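User: I would like to learn how to read an annotated domain and the packing of helices in a model. Could you take me through one case, giving the general idea before the particulars?

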Amino acid sequence: MDELDKAIINRLQTGLPICPAPYAQVAVELGISTELLLERLQQQLDSGLLTRFGPMYHAEQMGGALSLAAMQVPEARFAEVTDIVNAFVEVAHNYAREHSLNMWFVLATERPEQVGEVLAAISAQTGLTVFNMPKLNEYYVGLQLEA
């Protein structure tokens with residue numbers, strides 16, 4: 001990663017400006033062309049340097065819901081259960097943990113009542129108990145990693 005890639009990553013972590021041409025504005029801030037900014041961003045995604053670039057929406061402010069869930073998945077079934085869980089479009093991300101509850105995932109639903117529906121469907125398809133851990137309070141950390 002060169003200095004320009006670092007500058008792009010650092011700048012984009014603070015968000016895009018709300019304007020008709022946000023990438024053009026960021027490119028001006030970085031002193032490069034819009035085409036070069038988009039090319040470098042695509043290269044970072046293609047190489048795996050970045051695994052995802054996109055907006056983060058506040059589901060609850062849009063009428064939806066978010067919830068953290070966990071499961072105790074037998075190691076022999078971990079890949080199978082991962083495929084089942086990840087097939088649900090409501091699963092925002094899913095990861096393994098070294099804990100008796102070894103699979104954790106976040107649900108983002110369009111309506112609050114869908115959280116229970118999706119968790120019940122996952123439980124039915126996997127045959128495993130899904131533990132729902134809904135958010136009680138929200139704290140904004142503002143994490144930004146310096147590239």
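User: Which residues does UniProt list for the siroheme decarboxylase AsnC-like ligand binding domain?

Analyst: A domain annotation is read as a residue range taken from a record, and here the unreviewed UniProt entry lists residues 67-139 for "domain: Siroheme decarboxylase AsnC-like ligand binding". In this predicted model, the chain over residues 67-139 is 30% helix and 32% strand, with the end C-alpha atoms 14 Å apart.

User: At what angle do helix 1 and helix 2 pack, and which residues meet?

Analyst: One begins with the axes and then turns to the side chains. Helix 1 (residues 3-12) and helix 2 (residues 22-30) pack at about 130 degrees, their axes being 11 Å apart, which means that helix 1 is oblique to helix 2. Their crossing is right-handed. In the contact, A7, I8, R11 and L12 of helix 1 meet V26, E29 and L30 of helix 2, and by class these comprise five nonpolar, no polar and two charged residues.

User: How do helix 1 and helix 3 cross, and what classes of residue form their contact?

Analyst: The reading proceeds in the same order. The axes of helix 1 and helix 3 (residues 34-47) come within 10 Å and cross at roughly 90 degrees; because angles of 65 to 115 degrees count as roughly perpendicular, helix 1 is described as roughly perpendicular to helix 3. From helix 1, L4, D5, I8, I9 and L12 meet L36, L37, R40, L41 and Q44 of helix 3, a set that divides into seven nonpolar, one polar and two charged residues.

Definitions and conventions:
Residues numbered from 1 in each chain as written. Predicted model: local features only at pLDDT ≥ 70, side-chain atom pairs only at ≥ 80, totals over all residues. Heavy atoms only, no water. Axes fitted to C-alpha atoms, helices over the stretch in contact; angles between N-to-C directions. Helix = DSSP H or I, 4+ residues; strand = E, 2+ residues; numbered from the N terminus. Parallel < 35°, antiparallel > 145°, perpendicular 65-115°, else oblique. Left-handed = near helix turned anticlockwise from the far one by under 90°. Contact = heavy atoms within 4.5 Å. Nonpolar A, V, L, I, M, F, W, Y, C, P; charged D, E, K, R; others polar. UniProt positions renumbered as here; feature names shortened; annotations may be inferred.
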